[in-house]
Every structure is written in C-alpha cells, then in structure tokens.
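Visitor: Hi, I'm new to this one. Could you walk me through a bit of it?
Guide: Sure, let's bring it up.

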Amino acid sequence: MAPKRRHLLALLMVLGLVTAAACSSDGGGGISGGYSIGLVTDTGKVDDKSFNQSAWEGAQDGAANIPASATASYIETEESKDYANNIQLFVDDGAKIIVTVGFGLGEATIEAAKANPDVMFIGVDQWQNEALPNLAGLMFPEANAGFMAGALAGMLTETNIVGAVLGTDLVPPVVFFKEGWENGARYTNPGVQTISTYHPGGLDVAFGDPEWGATTARQALDQGADIIFGAGGATGNGALIEVAGEAGALCVGVDSDQWFTVPEAHPCLVTSAMKLIDVGVAELISQAYAGTMQGGNYFGEVGLAPHHDFDSIVTDEMRDMLAEVMAGLADGSINPMPG
Amino acid sequence: MKPRQKQFLYAGAALLIFVAWMFYAADGPQTTAVLAGTVRAATLLALGAMCGMIGERSGVVNIGIEGQFLMSAFVAFTIASMTGSLFLGTVAGVGMGLIMGWLLAAMAVGLKVDQIIAGTVLNIAALGLTSFFYDRSRSLGIGKYTNIDLGPLADLPLIGTVFFSRPPLTYLTMALLVLVHVALFRSVWGMRTRAIGEHPGAADTVGIDVLKLRYLNVTIAGGLAGLGGSYLALEAVGTFSRAMSGGRGFLALAVMIFGRRTPFGAYAAALFFGFTTALQNQFQLNNTFDIPPQFVGMLPFVVTIIVVAISGLMGSMRDPAALGQTYEKG
C-alpha cells in the first residue's frame, strides 16, 4: 500500500471513530430525552407473581404515562449485600428516577438519595423517619387490607378456624397483614380461632420457599382450618396451591389479585388482600417527572380483589358487612391493630 | 452395628412410639398434622441424602445436589405442563437428574476437576439456567400428585394418615430407601462401590474399573436427585419458582452425614429435620411459646453440629477413606 493511501485510510478510520463517538453520546445523553427509570428488586424477582412484579408493572406503567419517551429497566438483587451497588449502577447509568422495592433496601436507598440529590427515589415499603426532598416512601396500610380479608374469612369459615402462612416477621408489612387478618376475623366472628405461622428462615429464603408454604398450609388444614391466607411471595403461593388441592377449603392471596398470577389457586381463591403497588409506583413516577413529588411518606391504596368463581358464596349480608368494615377503617372508627 | 448399639436403637424407637402415642391420645388432629408434616418434609431430604450417599460411598463428593434438584424440578414442571402428564414430567425430571449426575461425573471423574468445584458449577449453572428459561406465564394446568390411600392400612389411627395416605413419589422414596440399603450392603455392586470409596487402589488390583464404576454411580445418584426435583415440583408444591429448592440440597448432605451414609440412618435424620420444622410450625399455630420462629428453625442445624462434633470426638464417624480424591490408575 502506498504511503499516501495509508494516510487516507488512517484519516477515514479517525473520522469513523469520531462519528461513532458522536452517535453514542447522542443516544445516551440527556439532550434528546433518553429519560430512564430504574428499578431495583429485593431478593425476590420481578416475576415473583406478587410484590416485586407488581412494582415492576407500576414502573412500566409510569414510564408509559409520562410525556417523555421514558424507558424502564430493572436489576434483580441476588444477595442483600448488593443493594447499594445495584442502586449505584442506575445512578451511574444516568437514571432520573430510581424505584427500590422492599423494606430491606430502605437504608441503602436513603444513603443513595442523600448522595444524589438530582435523582428522584421511590422506596416501596420503606418508612421515612425524616423527609428527604428527593425520596418518597410508598407505604400501604397493610393492616387494613389484612383486616378486610380477615373480616370476610371470619364470615366464610365453617370450622371457625382460619389460618395464615406468612413470610418472615422480620418484615413489618408481613406482621401488619397478619395482625390485621386475625383482628378482622375476630371482628366478624368473635369465636374464631386464628392459627398463623411465619417462615423460620431469614430474609434471603422466607419469600422464596413454596415447599415450606405448602407443607405448612397442609399442617393448618389438617387441624381444621378451612380458609388460609398465604402472604409471602412464592412461599405464600405454595400455600395457596396446597389449599387448592383440598376440597371445600378456601384461600386468600396477597399484594395483587392472585387470580391472575397464580392460576393453580383458582379452585380456592376467594379474594386477595391487595396493595395497589403498581398504581402507587406509577403515580409517584408521574409526580416525580412533573416535579410535584413530596419527600417523606406517601400512602397508597389497599383493597380486596374480586371474588371471581366464588362470587356466589359471598352473600349480600357479607358484602354489607365488608362495606361497613371498609367505612370504619377509612374513618378510623375501627382500629385494625389495637394494642 | 454392635449388639449394644442395636439395643439402644430399639429402646429409643420404642420410646419415640410411646411418646407419639401419648400425644395422639391427648390431641389427635394436632399430632397427626405434625407427624404428617414430618414425613412430608423428610421425603426430599431422604432422596438428596441417598444421592449424596451413593456418590460419597464411591469416593465422589457431591455438593451439586441443590443444582440437581432445581434443574430437575424445572424440567419436570415444564414437561408435565406441556404434556399434561405428571408421569411424563416425573420421568423427564429423573432423566434431567441423570444428565446432571453424568455432568458431575464427567467433570469430577472424567476430567478430574476438583469435586467441590464441579459441584459448585452445577449449582450455579442450574440457578442461572432455570432463572433464564423460567416462563412465568406457564402453569401446571393439572393438579399435583394427590394422596393414594393404601387400602385398610390407611384407616389405621395415626400411622394410617402419616405413612399410608401419601402421594405416589413418597411411597416410591420409601421403597427406594430399602432398595438402596440392600444394594449398598447386600450386593456385589454395593461391595465394589464401597471398595472404590475406601481403597480404590486395592479395588483396581482385583479388577474393578474404578473410574467406570464411579462414573456409573454418580450418574445413577443424579437420577435420585432428579426424582427429588420431580417430587418438589409435582408433588410437594405443584409449580416451579426460582431457587425453589431453598438450600435443601445442602441440608440433604447434613442429613446424609448425620445418618452415617446409610439409607435408614439418613431417613431417620431426615425425619428428625422434618419434625423440627413441623414442630416449630405447631408452636406458632398454637401460639404456645413466644419464641422467635428463627430460633426453633435453627435447632436442627445446631443439633447436627453437636452430633457431628461428638461422633467425631468419639471416633465413631469416619468418611470413606478415598473421599474427594481423584483416582489415577497407577
């Protein structure tokens, strides 16, 4: 190759490099509006058919709703020691809004929010003791949701024994669900016996152990429980599926309408104690985008899912009672967790 | 086993049965529920322990049982869901277990990779592959295995419900316990297996192909773990979820050591582990003690450490002499 042509080639290559660099900075930078939303899960997965999935759907809805052409992406946390790293990955990537899902990420999220005042953070199930301007804790009155489900269970049980198979008591929302559930059952049925079990493991396994959930649900069925509340990710789902195999027994799902997420539970699923996480996350993302998001705690909505196949066994009297309970919870005349 | 030990064993068993009966008389449904839960939680551990045992008796450590469970559970679930047949799902699960066993053998025996590393590779690969290919919209469609009553036996009080009204894979596991016991201690295959685990050099000199037998045994053992995975997905739970084996593959190793690498010993240990789980559930269900569930959940592990430590100190527990060593034909 002649020296002249060699120079030409070098020049072309440099030109190519410059063009490529210009292109890449164009795509990744903020000028043309690459508005990105990041979501970090707890040690559960975005397809856990429950908690994390609901938050992820909310993030996608939120991204779709805001005017900027936003993209949402997620990182699944494998081990709890990676919380801070995973959040940092999104910060480094230029995410404008970061959603962290779960009680366990609370501290890491607060640290990240303090270190990155320009990024908006949404912490699902993370109670904020002091309000940071760029961090909203999305909280839910789980006790109310549990209370409503328990109130229905108290009316539906024929053996007067209601059971609950739960994730770990290390996570406050699980405890609120349980206490609300038991108190709700007692509210409509003072003679009811409530039998409840928490998973004995730590945060890393308590929500991903369907075998334990199924075995424990069976144990509760064997001693007379005829309606069981499964609350705890895949662990609770195991309980629901076990109850589905027992003729005449009913089950209650958690977090989202589990009719759609656990089809195996159709033979028993009478309702689900829902936290409208997706709605809450989407709403906070819209607020964060519009710049109206308040720091501190934001309370989302809870409710009971439809009864689907069991619509006919829920009588009008029961519905009236449920309406009364809901009104009582709303105006504060019923306390779902006395004492 | 020495006659003295045997006497202790019988006395202990008689005492246990007596205590169980007392509780049954006091509260039938609760006792039945706890013991049924015990048997149920023990099945998977027993299968895993048998898998580990056959490997270790042949001189190959298998810490990949967790991965073998998980991979087989995934395949069993997927095939059962696609074909609508629990039986085909189970067969596919066992087949996947055999493949996983063969993979371990290929690495640990064929390529002479460090056995611990080979097992770890299986665990990591299984977690990654099943998580990647898991299709969350897929469900079993058909119900999981249901209980089969064994005729009049199922009507017996307490024992009937606990042992004779079980789903099919649990019966199969009980039968396999007997089969593996006989095979290990009463057959030529068993004698050779124990020989290559204790003194592969000596076994080689009398004409046993050490590597071939290890290959075979680790592969067969994988089939047992494969049955465990099928049990997990199709009988115990009725669906698949990520990382659903939840450490039971490792627990199975503790059960195996606790049970001195014998099938019946391992089953006794598995029942003990299952019992502590069922018991701590019962404590909570009854609301009797206000102790954290994590504390009771920890007890079986503490007991394992104590038992292993005491047996070690008394010199009554020893590993197969060639355990964990690769064999080079000399």
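Guide: One term before we start: a residue is buried if 20 or more other C-beta atoms lie within 10 Å of its own. Also, keep in mind that this is a predicted model.

Visitor: Okay. In strand β5 of chain A, which residues point one way and which the other?
Guide: L135(A), G137(A) and M139(A) point one way, while A136(A) and L138(A) point the other way. Residues on both sides are buried.

Visitor: Why do they switch sides like that?
Guide: In a regular strand the side chains alternate between the two faces of the sheet.

Visitor: And why is β5(A) called largely enclosed?
Guide: Five of the five residues in β5(A), residues 135–139, are buried, so the rest of the structure largely encloses this strand.

Visitor: Which strand do the bridges join to β5(A), say around A136(A)?
Guide: That's β4(A), residues 120–124, which runs parallel to β5(A) and is joined to it by four bridges. Opposite A136(A) you'll find I122(A).

Visitor: What about L138(A), which residue is its bridge partner in β11(A)?
Guide: Y298(A). The strand β11(A), residues 296–299, also pairs with β5(A) in the parallel sense, over four bridges.

Visitor: Switching topic: how many residues of chain B are in contact with chain A?
Guide: On the chain B side there are 34, in contact with 31 residues of chain A. Elements giving two or more residues to that side of chain B are α2, α10, α12 and α13.

Visitor: Which one gives the largest share?
Guide: α2(B), with eight residues.

Visitor: And what classes of residue are there on that side?
Guide: The chain B side has 14 nonpolar, 16 polar and four charged residues.

Note on methods
Residues numbered from 1 in each chain as written. Chains lettered and ligands numbered in written order. Predicted model: local features only at pLDDT ≥ 70, side-chain atom pairs only at ≥ 80, totals over all residues. Buried ≥ 20, exposed ≤ 12 C-beta atoms within 10 Å, placed from the backbone. Pairing = 2+ DSSP bridges. Contact = placed C-beta atoms within 7 Å. Nonpolar A, V, L, I, M, F, W, Y, C, P; charged D, E, K, R; others polar.
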